[in-house]
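The following exercises concern a single protein structure. Each task is followed by a solution that proceeds step by step.

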Amino acid sequence: MKGWRQILWLSLCLTGVLVFVPGASGEESGFKQYRENVIKQIEEMRAALAKDPANAKAHFQLGLSYMAIGRHREEIAEYLEAIRLKPDFVDAHFNLGLAYDLLEDGALATQHMLRAKQIYSAQRNHRGIRTAQRYLRTFESKYGSQSKGGKLKSKSPDRRPEDR
């Protein structure tokens, strides 16, 4: 019986070492490479936007890239620019709701999610309506029912970060 315990202990130790060491370094380098790729993509998109600054979809895509690396203020600025260029850009309104929620700004999160729901309704996009309603319920439970009535004060004004 003693030999059996030693074999089990040895196999557990070896398994733990073999699984733990490569996994830690692989994940770390994988994220670093991912972040470098996104930053390179952002630089390329900014260069493209310098040539065509009126491209709402490109601003939206740049916002998505900023979201991927957690730069939410820049993400919001790009979504706002996309909406300035194309006021009924439903995906930009929807993502603005999510971005403002990440920054815990319930009033603006609710405002943009409500606008997304209105646009989805006009488009008869039932999946979009249900998704927006689900987020609105989440915002209501998170920030209170005041966020719907507009009584909840926003932590940040709805404008581009460089305007502040």
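**Exercise 1. Identify a positive phi just after helix 2, then describe that helix.**

Step 1. Just after helix 2, Gly 70 adopts a positive phi of about 80 degrees. Helices here (H or I, at least four residues) and strands (E, at least two) are DSSP runs, numbered from the N terminus.

Step 2. The model is a predicted one, in which local features need pLDDT of at least 70 and side-chain atom pairs count only at pLDDT 80 or more, while totals for chains, interfaces and linings use all residues. Residues are numbered from 1 along each chain as its sequence is written, and side-chain values use heavy atoms, with hydrogens and water left out.

Step 3. The expected span of a helix is 1.5 Å times one less than its number of residues. For the 13 residues of helix 2 this gives 18 Å, and the end C-alpha atoms are 19 Å apart, which agrees.

Step 4. At the start of helix 2, a side-chain oxygen of Asn 55 comes within 3.2 Å of the backbone nitrogen of Lys 57.

Step 5. The buried residues of helix 2 are Ala 56, His 59, Phe 60, Leu 62, Gly 63, Ser 65 and Tyr 66. Buried means under 20% relative accessible area, exposed over 50%, and partly exposed in between (1.4 Å probe, protein chains only).

**Exercise 2. State how many helices and strands the protein has, and how confident the prediction is.**

Step 1. The protein has seven helices and zero strands. Buried residues account for 32% of its 164 residues.

Step 2. The mean pLDDT (the predictor's confidence in each residue, from 0 to 100) is 82, and 71% of the residues reach 70 or more.

Step 3. Over residues 12–24 the pLDDT stays under 50, and the model has one contact beyond four places in sequence for them. Contact means heavy atoms within 4.5 Å. Residues 159–164 also have a pLDDT below 50, and this stretch has ten contacts beyond near neighbours in sequence.

**Exercise 3. Determine which helices supply the largest nonpolar core.**

Step 1. A nonpolar core is a set of buried Ala, Val, Leu, Ile, Met, Phe, Trp, Tyr and Cys residues joined through side-chain atoms within 4.5 Å. In soluble globular proteins, nonpolar side chains tend to be buried together.

Step 2. The largest core contains 25 residues, and Ala 92, Leu 96, Tyr 100 and Tyr 120 have the most contacts inside it. At least two residues of this core come from each of helix 2 (56–68), helix 3 (72–85), helix 4 (90–102), helix 5 (106–123) and helix 6 (126–143).

Step 3. Apart from this core lies another, of seven residues, including Met 45, Leu 49, Leu 62 and Tyr 66.

Step 4. With neighbours within four places in sequence left aside, Leu 96 is in contact with Ile 76, Tyr 79, Leu 80, Ile 83 and His 112.

**Exercise 4. Explain why helix 3 is described as largely enclosed.**

Step 1. Ten of the 14 residues of helix 3 are buried, so the rest of the structure largely encloses this helix.

Step 2. Among these buried residues are His 72, Glu 75, Ile 76 and Tyr 79.

Step 3. From its first C-alpha to its last, helix 3 reaches 20 Å, close to the 20 Å expected at 1.5 Å a residue.

**Exercise 5. Describe the surroundings of Thr 110 and His 112 in helix 5.**

Step 1. Thr 110 belongs to helix 5 and counts as buried because its relative accessibility is 2%. A polar atom of its side chain lies 2.8 Å from the backbone oxygen of Gly 106.

Step 2. His 112 is also found in helix 5, and it counts as buried because its relative accessibility is 4%.

Step 3. The side chain of His 112 makes a polar contact with the side chain of His 93 (3.1 Å). A polar contact is a pair of N or O atoms within 3.5 Å; within protein, one must be able to donate a hydrogen and the other to accept it, and residues adjacent in sequence count only if both atoms are side-chain atoms.

**Exercise 6. Is Arg 124 buried or exposed?**

Step 1. Arg 124 is placed in the loop between helix 5 and helix 6.

Step 2. With a relative accessible area of 67%, Arg 124 is exposed.

Step 3. Although Arg 124 is not a glycine, its phi is positive, at about 60 degrees. Most residues other than glycine have a negative phi.
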